Amino acid sequence: MLKNKSTQNLGKKIMIALLSPVIAFVFLVGGIFSDGINFNHNLIFDLFNGVPVSITGMESNQIAFIHEIEGMIPILNQKIDTENIGFAEGESVDAYLVKGFYIGIMFSNQQFHLTEENVDNWMQCYIEPSENGTGEKEEHNETKKHPVNDTAIIFSLMEHNMNLALNQDTKELMLKVVEGLRGGAGTSGTVTTLSKEQIEKLIENLPEDTSELRKQIVIQAADAVGKIPYYWGGAASYPGYDGNDFGKPVAPDEAGRGLKGMDCSHFVDWVYWTVMNNNLGNTNTTGQIAQCVKISPSELKPGDLAFLMEGGTSTHVGIYAGKNDKGEAVWIHENAGDNNVSMNTVSYWNLYCRLNIMKDR
């Protein structure tokens with residue numbers, strides 16, 4: 001049939017019509033990814049933060065695509081604020097997951113149209129289903145309402161609540177968007193938030209004689225993992241999360257990081273400020289060492305500090321969070337390498353200290 005010239009022309013027109021949306025979509029996705037791995041942070045950050053995206057040079061279907069995302073972000077922000085009211089003090093829905101996953105799935109091959117009609121179902125993917133003793137959901141028991149940070153659980157809830165069969169490529173793209181949003185420009189690693197179960201496991205592994213105060217310091221530090229970008233010279237204005245605007249776009253620091261956050265010493269200040277109402281003078285590592293007594297690694301208790309000394313100068317600080325199942329020391333620190341608060345078993349520390357305010361506590 002295609003030997004007929006008029007039929008060939010008709011066939012070409014049909015193919016172009018069918019492929020045009022696909023080609024436009026590929027070019028749009030290509031605008032996000034600069035090398036197939038690292039995406040255009042400016043576009044993702046603007047969408048995430050509700051900053052109008054420049055549509056200069058875009059095709060009409062691309063403009064519609066961007067406007068669809070832009071229109072949904074304020075609605076998600078409102079839903080997040082509404083849900084956070086119902087959580088216990090100190091708990092909140094992770095906005096990076098709620099909005100980042102939405103942006104990620106929109107740029108995937110499984111592009112999903114979120115609407116005002118189904119946005120409540122989307123929000124329920126990030127909230128732990130309440131259950132009574134029989135395993136049945138309790139619809140009105142607010143005391144059991146908790147946010148979900150485990151991405152595997154979120155994906156499972158998403159498939160159930162939104163009737164989606166997420167493929168692996170879609171999940172990986174969604175995670176990549178969230179990881180990029182957390183890390184900021186120039187990230188060399190990625191971190192994810194800890195689930196309630198992971199934090200509970202961390203506390204269970206602490207020595208039996210660990211004081212409640214030291215447990216709270218570890219819990220607060222662990223809760224911040226993956227939630228506060230690294231920003232050189234950045235400090236908190238308040239204890240806790242409220243009012244600090246962590247993750248908001250700001251003028252880039254010396255390394256080009258453009259999200260509001262803290263550096264390593266001010267993260268330690270913030271943890272103690274939040275738990276003990278003492279920000280240690282909102283100081284740097286040198287100032288913190290001046291408030292400490294030196295101890296040996298064997299004397300470490302959860303909540304104690306360790307410093308990296310290079311050429312006689314302190315360059316980094318972390319909070320000791322006990323040991324893992326392998327017996328390795330666990331540290332929580334605002335990590336420039338990950339561009340966020342991370343928890344790991346690094347062993348480069350060479351000065352171990354206990355703050356004077358933690359003596360005999």
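Visitor: Before we start, which angles count as oblique, as opposed to roughly parallel, antiparallel or perpendicular?

Guide: Angles under 35 degrees count as roughly parallel, over 145 as roughly antiparallel, and 65 to 115 as roughly perpendicular. Keep in mind that we're looking at a predicted model. Whatever is left over counts as oblique.

Visitor: Then are helix 9 and helix 10 oblique or roughly antiparallel to each other?

Guide: Helix 9 covers residues 212–223 and helix 10 covers residues 264–276, with their axes 9 Å apart. They pack at an angle of about 130°, and the cut-off for roughly antiparallel is over 145. So helix 9 and helix 10 are oblique.

Visitor: Who's touching whom there, and how many charged residues does the contact of helix 9 with helix 10 have?

Guide: From helix 9 you've got Leu-213, Gln-216, Ile-217, Gln-220 and Ala-221. They meet Phe-267, Trp-270, Val-271, Tyr-272, Thr-274, Val-275 and Met-276 in helix 10. By class that's 9 nonpolar and 3 polar residues, and the number of charged ones is none.

Visitor: How about helix 3 and helix 4: are they roughly parallel or roughly antiparallel?

Guide: Helix 3 takes in residues 60–85 and helix 4 residues 95–106, and their axes come within 11 Å. The crossing is right-handed. They cross at roughly 160°, and over 145 is the cut-off to pass. Helix 3 and helix 4 are therefore roughly antiparallel.

Visitor: In the contact of helix 3 with helix 4, how many residues are charged?

Guide: Helix 3 brings residues including Phe-65, Glu-68, Ile-69 and Asn-77, while helix 4 brings Val-98, Lys-99 and Tyr-102 among others. Of these, Glu-68 and Lys-99 belong to types that count as charged. The contact divides into 11 nonpolar, 1 polar and, for charged, 2.

Visitor: On to the sheet. Which strands stand at the edges?

Guide: It's an open sheet of 6 strands in the order 1-6-2-3-4-5, with antiparallel pairing. The edge strands each have a single partner strand, so one side of each is left without a neighbour in the sheet. Those are strand 1 (292–295) and strand 5 (340–344).

Visitor: What residue stands opposite Val-293 in strand 6?

Guide: Strand 1 and strand 6 pair in the antiparallel sense, over 4 bridges. Across from Val-293 in strand 6 you'll find Arg-354.

Visitor: Strand 2 pairs with strand 6 too, so to speak; which residue there is the bridge partner of Ala-306?

Guide: Strand 2 and strand 6 (residues 351–355) run antiparallel, joined by 3 bridges. Look in strand 6 for the partner of Ala-306, and you land on Tyr-352.

Visitor: And in the hairpin of strand 2 and strand 3, which residue takes a positive phi?

Guide: Strand 2 (residues 305–310) and strand 3 (residues 313–323) run antiparallel and are joined by 6 bridges. One place to see the register is Leu-305, which stands opposite Ile-319. The hairpin has 2 residues between the strands, and the one with a positive phi near 60° is Gly-311.

Visitor: At what angle does helix 9 run to strand 3?

Guide: Helix 9 turns up again here, lying across strand 3, strand 4 (329–335), strand 5 and strand 6. Its angle to strand 3 is about 110°.

Visitor: Last one: is Leu-259 buried or exposed?

Guide: Leu-259 lies in the loop between helix 9 and helix 10. Its C-alpha is 9.3 Å from that of Phe-45, though the two are 214 residues apart in sequence. Its relative accessible area is 4%, and the cut-off is under 20%, so Leu-259 is buried.

Notes. Residues numbered from 1 in each chain as written. Predicted model: local features only at pLDDT ≥ 70, side-chain atom pairs only at ≥ 80, totals over all residues. Heavy atoms only, no water. Axes fitted to C-alpha atoms, helices over the stretch in contact; angles between N-to-C directions. Contact = heavy atoms within 4.5 Å. Pairing = 2+ DSSP bridges. Left-handed = near helix turned anticlockwise from the far one by under 90°. Buried < 20%, exposed > 50% of the residue type's maximum accessible area, 1.4 Å probe, protein only.
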